[in-house]
Amino acid sequence: MGVKETVKALSVIGLGEVYITRKVKSYPDKRQALRALFDSYKDCTKCDLHKSRRQVVFGDGNPDSPVVFVGEAPGEEEDIQGKPFVGRAGRYLNEQLKRIGMPRETVYITNVNKCRPPGNRKPNYIEMQACLPYLRKELSIINPKVICCLGATAAEGILGKKIQITKMRGQLFPYPYNPSIKVFLTFHPAFILRNMNAEDEFIEDLTKLKEIVKGGL
Ligand code: URA
């Protein structure tokens, strides 16, 4: 029986979500592998976002970090500087990471989409599908313990299903491309800046994430 038939047969008996573990390649020199990956898509024209971007915004930070933060897409400041999360939301995220004792320079931060959508709109389905293979490769090189999705768009890109962030935040899910990696969901920092009443929950999530990363949960 082939993979497709096996998955279909398992879903008939109620095993709706099946994870197929691929052989996990390890990268002895993560920095070099990331550089080669970035070089391979710095001139990407796979979707229309290339027409309005200033530059492709690669992930940034410590590739040996046990946690990778994934956002939605670069905003204006990121498009100008060529680094993720360097605008207002990024400065707020840095503050909170410092506060919980996990400073930004110790972790790795990236986005689902590597090019800025015009007017900072949410990337559409086609744009996300065009960019996701780059993110998956980036994650396979880093091979973190936990992927922390910042907001529903990142979570939908990573988990491949519709997400209600208010219901699913603070929880762990298996990463479909390598179930030994856990996916943790929380709010996007830009959402918190617009809804300060959710700040306590955001800090609670980040504190829990730190415990998980330390191996305490
Ligand atoms: N919002 C994101 O999702 N990513 C960034 O890099 C900046 C803001």
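This passage describes the ligand site, the largest pocket and the largest cavity of a predicted model.

Residues are numbered from 1 along each chain as its sequence is written, and side-chain values use heavy atoms, with hydrogens and water left out. Because the model is predicted, local features require pLDDT of at least 70 and side-chain atom pairs count only at pLDDT 80 or more, whereas totals for chains, interfaces and linings use all residues.

The shell around the ligand consists of Gly71, Glu72, Ala73, Pro74, Glu78, Pro84, Phe85, Asn111 and His188, a residue being near when one of its heavy atoms lies within 4 Å of the molecule. By class, this shell holds four nonpolar, three polar and two charged residues; Ala, Val, Leu, Ile, Met, Phe, Trp, Tyr, Cys and Pro count as nonpolar, Asp, Glu, Lys and Arg as charged, and the others, Gly among them, as polar. Polar contacts (pairs of N or O atoms within 3.5 Å) involve the protein backbone at several positions. A polar backbone atom of glutamate 72 is 2.8 Å from an oxygen atom of the ligand, and a polar backbone atom of phenylalanine 85 is 2.9 Å from an oxygen atom of the ligand. At alanine 73, a backbone N or O atom lies 3.0 Å from a ligand nitrogen atom. The protein buries 91% of the 230 Å² that the ligand exposes when taken alone, with accessible areas from the Shrake-Rupley method and a 1.4 Å probe.

The ligand occupies the largest pocket, the criterion being that more than half of its atoms lie within 2 Å of the grid points. On a 1 Å grid over the protein atoms alone, a pocket is an open set with protein on both sides within 12 Å along at least five of seven lines, a cavity is a set of points where a 1.4 Å probe fits but cannot get out, and lining residues have an atom within 4 Å of a point. The pocket has a volume of about 650 Å³, taken as the space filled by probe spheres set on the points. Its lining comprises 27 residues, with Glu72, Ala89, His188, Ala190 and Arg194 nearest the centre. Twelve of the pocket-lining residues are nonpolar, eight polar and seven charged. Helices (DSSP runs of H or I, at least four residues) α3 (76–81), α4 (88–99), α6 (152–159) and α8 (189–194) each supply at least two lining residues, and α8 gives the largest share, four.

One cavity of 30 Å³ or more was counted. The largest cavity encloses about 100 Å³ and is lined by 15 residues, of which Cys44, Cys47, Cys115, Cys131 and Tyr134 lie nearest its centre. Helix α5 (residues 125–142) provides the largest share of this lining, four residues. The cavity lining divides into nine nonpolar, two polar and four charged residues.

Definitions and conventions
A polar contact is a pair of N or O atoms within 3.5 Å; within protein, one must be able to donate a hydrogen and the other to accept it, and residues adjacent in sequence count only if both atoms are side-chain atoms.
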